[in-house]
Amino acid sequence: MKHKLLLLSFIITTSITALAQQDLTFPNTEWDNAKAILMHTPGEELFDGVAHPYAGLFEYYFDVDKAAEEHRGYIEALEKNGIEVYTVRELLNQVPIEKLREFALETLTYDISNMKGASEAESEQYRHYVIGEMSRADLIRCILLRPTVTLYSTDTNTGVEAVYSHQPLMNLYFTRDQSITTPRGHIISQMNSSQRAFETEIIALCYEQLGVKPILTITGEGRLEGGDYLRGDDISFIGCGMRTNMEAITQIMEADAFGHNTIAVVNDHKWWQMQMHLDTYFNIIDKDLCTLVESRYNAKEDDPEWVTVDLYTRNSGEKEYTLTQKDVPFVEFLTKQGFTIIPIKLEDELHYANNYLTIGPRHIMAVGNQSKDLQEALAKHGVNVEWIPLETLIKGYGAAHCMTQVIRVEAVK
């Protein structure tokens, strides 16, 4: 077993080193050939979330073990396409042990407020002792579960009893959200939900382990989640609505971190959990082909599902953006950009048909069991679809796109 662990460590270390050495680049468009993706296979940290799905930001209860099995199957499908998948757990396993201990200290809390005559100094000393003794596997459990031990004085046994609770990172498997990857590099998000805030620190640590330094971290009142960001041809689409706000978008523009000369701020006027992010109702298959859910496609100006675009542009070589157009109808804008739009009907939308991952021009990974009409529409436009079984995972309010962060590509020539 020891030899197997050493071999696994060698394989992972070699793989991580290769990322910096490969002749790859940051993604410029959605249809670039994906070569490296960051993902997280969910584990025991998911259980607390499914115990009360709505509070966990999930749609329904789902089986934790089946979810993990589906996720591993998705990774295998990506790897068969020559894509290197880096998982959060693998990367944490490679973090130097003392650094991992420091990180874990942020996640273990002792609450001694109910103890008689308790010493804060002694409690802290004991907390450091426990972290100092933990195995690497338990340190990672601690980081993912974020336990709180609430202590009470008793007259029996050891003189102390405890109630144990967690603030687990049950949404971490949606690795699209904690950052965005632009042609300039990686930007660390600031999540809209406080329970997801610590996820960004995990992802930042993963980038550090990959030898990559993010170019920007959203701060202050800015809110950014990666599902609101899509890359076009010298254009960044960024949703502004339920999960991402204009303050974060402004921070990215002012830092010149988008890397595109046109920024299309897509304004969502209907805040609905099923369409919480831009990628839940709009997605891109190729330079001239995209999808849009039918209700948005057919919406009229007075409908809540009406989508508009504000355009910020600059000339090549310039740094600052200027607002050049406001409240442009989204469908009209896409058509002028040269996109053919495939509308997605409600039955397919509710099965997360729009939340596919494009891994190359007209090549997508999508949730299986969609309607015959959608299958025929995609085939008509020459789209190579790999239908992935994700029936359990989609109950968490996300699908193939939400579970991936494309971090390196081989640019389409």
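This report walks through a sheet, a pair of helices, a hairpin and a few individual residues of the structure above. The model is a predicted one, so please read the angles and distances below as computed values.

## The five-stranded sheet and helix 9

Let us start with an open sheet of 5 strands, whose order is 9-10-11-14-15 and whose pairing is mixed. Strand 9 (229-231) and strand 15 (322-329) each have a single partner strand, so each of these edge strands has one side without a neighbour in the sheet. From one strand to the next, the twist averages 20°.

At one edge, strand 9 and strand 10 (residues 235-240) are joined by 3 bridges and run in the antiparallel sense. If you would like a register to look for, Y229 has I238 of strand 10 as its bridge partner.

Helix 9 (residues 246-254) packs on this sheet, where it touches strand 10, strand 11 (262-268) and strand 14 (307-313). The direction of helix 9 makes about 155° with that of strand 10. Which residues of helix 9 are buried? They are A248, I249, Q251, I252 and M253. The cover over these buried residues includes strand 10, strand 11 and strand 14, and also strand 6 (179-182), strand 7 (185-188) and strand 8 (216-217). Just after helix 9 comes D256, which has a positive phi of about 55°.

## V307, a residue of strand 14

Strand 14 also holds V307, a handy place to look at the packing in detail. With a relative accessibility of 4%, V307 counts as buried, because the cut-off for that class is under 20%. Leaving out residues up to four places away in sequence, V307 touches V266, N267, H269, Y281, R296, V328, P329 and F330. V307 and K270 are 37 residues apart in sequence, and their C-alpha atoms are 8.7 Å apart in space.

## Helices 5, 6 and 8

Two packed helices are described by the angle between their axes and the distance between the axes. For helix 5 (residues 97-105) and helix 6 (residues 120-133), the angle is about 140° and the axes are 10 Å apart. An angle over 145 degrees would count as roughly antiparallel, so this pair is classed as oblique. The crossing of helix 5 past helix 6 is right-handed.

On the helix 5 side, the contact is made by R101, A104 and L105; on the helix 6 side, by R127, H128, I131, G132 and E133. Sorted by class, the contact of helix 5 with helix 6 has 3 nonpolar, 2 polar and 3 charged residues.

Helix 5 also carries K99, which is partly exposed at 32% relative accessibility. Beyond its neighbours within four places in sequence, K99 is in contact with L205 and E208. L205 is listed among the buried residues of helix 8 (residues 199-209), together with E199, T200, I202, I203, C206 and Y207. For a longer span, K99 and D279 are 180 residues apart along the chain, with 35 Å between their C-alpha atoms.

## A hairpin and the positive phi values

Further along the chain, strand 17 (residues 357-360) and strand 18 (residues 363-367) pair in the antiparallel sense over 3 bridges. L357 stands opposite M365 of strand 18. This hairpin has 2 residues between its strands, and R362 takes a positive phi there, near 55°.

Most residues other than glycine have a negative phi. That makes a list of the positive values useful when you check backbone geometry, and here are those covered in this report.

| Residue | Place | Phi |
|---|---|---|
| G211 | after helix 8 | near 80° |
| D256 | just after helix 9 | about 55° |
| D327 | strand 15 | about 60° |
| R362 | hairpin of strand 17 and strand 18 | near 55° |
| Y397 | loop between strand 19 and strand 20 | near 75° |

Is D327 buried or partly exposed? At 46% relative accessibility, D327 counts as partly exposed, and this residue belongs to strand 15, one of the edge strands of the sheet. Y397 lies in the loop between strand 19 (384-388) and strand 20 (405-410). Y397 is buried, with a relative accessible area of 14%.

Definitions and conventions
Residues are numbered from 1 along each chain as its sequence is written. This is a predicted model: local features need pLDDT of at least 70, side-chain atom pairs count only at pLDDT 80 or more; totals for chains, interfaces and linings use all residues. Side-chain values use heavy atoms; hydrogens and water are left out. Two strands pair if DSSP finds at least two bridges between them. Helices (H or I, at least four residues) and strands (E, at least two) are DSSP runs, numbered from the N terminus. Axes are lines fitted to C-alpha atoms, for helices over the stretch in contact, and angles run from 0 to 180 degrees between N-to-C directions. Contact means heavy atoms within 4.5 Å. Buried means under 20% relative accessible area, exposed over 50%, partly exposed in between (1.4 Å probe, protein chains only). Angles under 35 degrees count as roughly parallel, over 145 as roughly antiparallel, 65 to 115 as roughly perpendicular and the rest as oblique. A crossing is left-handed if the near helix is turned anticlockwise from the far one by less than a right angle, and right-handed if clockwise. Ala, Val, Leu, Ile, Met, Phe, Trp, Tyr, Cys and Pro count as nonpolar, Asp, Glu, Lys and Arg as charged, and the others, Gly among them, as polar.
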